[in-house]
Amino acid sequence: MPARLDEKLEPIFQDVLHRNPGESEFHQAVHEVLETLGPVLVKYPEFAEKKVIQRICEPERQIIFRVPWQDDKGEIHINRAFRVEFNSALGPYKGGMRFHPSVYLGIIKFLGFEQIFKNALTGLPIGGGKGGSDFDPKGRSDDEIMRFCQSLMTELYRHLGEYTDVPAGDIGVGGREIGYLFGQYKRITNRYESGVLTGKGLDWGGSRARTEATGYGTVFFTQEMLKARGDSLDGKTVVVSGSGNVAIYAIEKAHQLGAKVIACSDSGGIIVDEKGIDLATVKRLKEVERRRISAYTEAHKHAKYVEDGNIWSVPCDVALPCATQNELNGNDAKTLVENGCIAVAEGANMPTTPEGIQIFQEASLAYGPGKAANAGGVATSALEMQQNASRDSWTFAYTEKRLEDIMIEIHKSSFETAEEFGSPGNYVLGANITGFIKVARAMDAMGLI
Ligand code: NAP
């Protein structure tokens, strides 16, 4: 059972349920934030009077459109795409595009809502938005991906701009897709507007360390949580779900900081390699050959592949969910706690169910919610926008250092806010309140818009 809401907040939540029927992920994301805002309304009653929370829960703009495209055999397909421009109090809407068959409005709204507070936490001038399509890129040729991206951008371009809305990647959208999307935007607008998309290639306006940023940032955040408890990642055993962009670079940074990652996964199953996951193999399979993780055992006979296996049953000190929403439930959380796990940091967005979060909090393990722990990706996207605006290109070392400093600061502000509001160690409360207050103050200053 999710926690009860404060009496001022319950009617707001009921209104969200009523106005957004059938959008269960969005309801979950809103509930998780509202659960922690009770003490804020006591300290800042003006936010209640001015209905700031009700305004934040309603996107500024939602765009839904048809994307027709032809496959390599000439057959016509129709997909649906979304862009939810949620909140621009702190800057242009910023948030990735997701291509996955599960995408519908409720998923994009949950991601966009989370993005508002995450982006505020970075301390950089970016608002919150998110987009995507129910298009399934699996098994599609490069040409098919290109035609789909071009068709999508033929409608989306009119809603974007470096001062308006700046998308990036997410599940199913990486460097290849950003390239096709940027190419079509440039062609239609006749403008080389680098700052309109982030996650670009290094030769044409991309930022060093952007590819690595979300995974690296999640591990920097984990290191900070452990430091706050007088511990570190050195010598720890780690389990990482997924084997996409976030998972790969979480594994890389965990290894660099002296931990051993012994398991990763994809939607087909899990790989357990007690000697430590060989990242070169995972990169080859996922970034170059675009194959399933099961092929890992071809090069590493000692490793074990379990089809449909549960990665959270693999004993570990640290767990990093880096695949998708609601991938770690109450039973999984119990198993992790029983196996002696001391820290969980979310590379993915909302991967832990409300029951799972409650179990982690009751067990007092270090639990870093996605809003804080995976904010390094969007933070580095904002650094990419800075480089584009100044026609500059920073070194890897400098950009990575900026990323690390931002993650240290996000940890510090979440940690201190949790103490200030009487819940020491509660990073969910700390991150939600820190992000919310920044956005609420800006909205208040700008009047009723
Ligand atoms: P990605 O490169 O497409 O990788 C996603 C990984 O998760 C793949 O291994 C995929 O396996 C697995 N996965 C996806 N849906 C799944 C499902 N329903 N069940 C089981 N496994 C599933 O995507 P990504 O960019 O790494 O994103 C992963 C998570 O991080 C998402 O929650 C995303 O919102 C979040 N995130 C990403 C960024 C970023 O910068 N990319 C920033 C912040 C947060 P298959 O290949 O088998 O589907």
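These questions and answers cover aromatic ring pairs and the ligand surroundings in a predicted model.

Local features need pLDDT of at least 70, side-chain atom pairs count only at pLDDT 80 or more, and totals for chains, interfaces and linings use all residues. Residues are numbered from 1 along each chain as its sequence is written, and side-chain values use heavy atoms, with hydrogens and water left out.

Student: How many aromatic pairs are there?
Tutor: Rings of Phe, Tyr and Trp (its six-membered ring) pair if their centres lie within 6.5 Å; planes under 30 degrees apart are stacked, over 60 edge-to-face and the rest tilted. By this rule the count is 18.

Student: What kind of pair do F47 and F436 form?
Tutor: Both residues are buried, meaning under 20% relative accessible area with a 1.4 Å probe, protein chains only. Their ring centres are 5.8 Å apart and the planes stand at 85°. The pair is therefore edge-to-face.

Student: Are the planes of F360 and Y367 stacked, edge-to-face or tilted?
Tutor: F360 and Y367 are both buried. The ring centres lie 5.6 Å apart with the planes at 35°, so the pair is tilted.

Student: What share of the ligand's area does the protein bury?
Tutor: Polar contacts, pairs of N or O atoms within 3.5 Å, can be described for ligand oxygen atoms. One such atom is 3.0 Å from a backbone N or O atom of G172, and a backbone N or O atom of S243 lies 2.9 Å from a ligand oxygen. Alone, the ligand exposes 880 Å² by the Shrake-Rupley method with a 1.4 Å probe. The share buried by the protein is 82%.

Note on methods:
Buried < 20%, exposed > 50% of the residue type's maximum accessible area, 1.4 Å probe, protein only. Polar contact = N/O pair within 3.5 Å; in protein donor to acceptor, adjacent residues only side chain to side chain.
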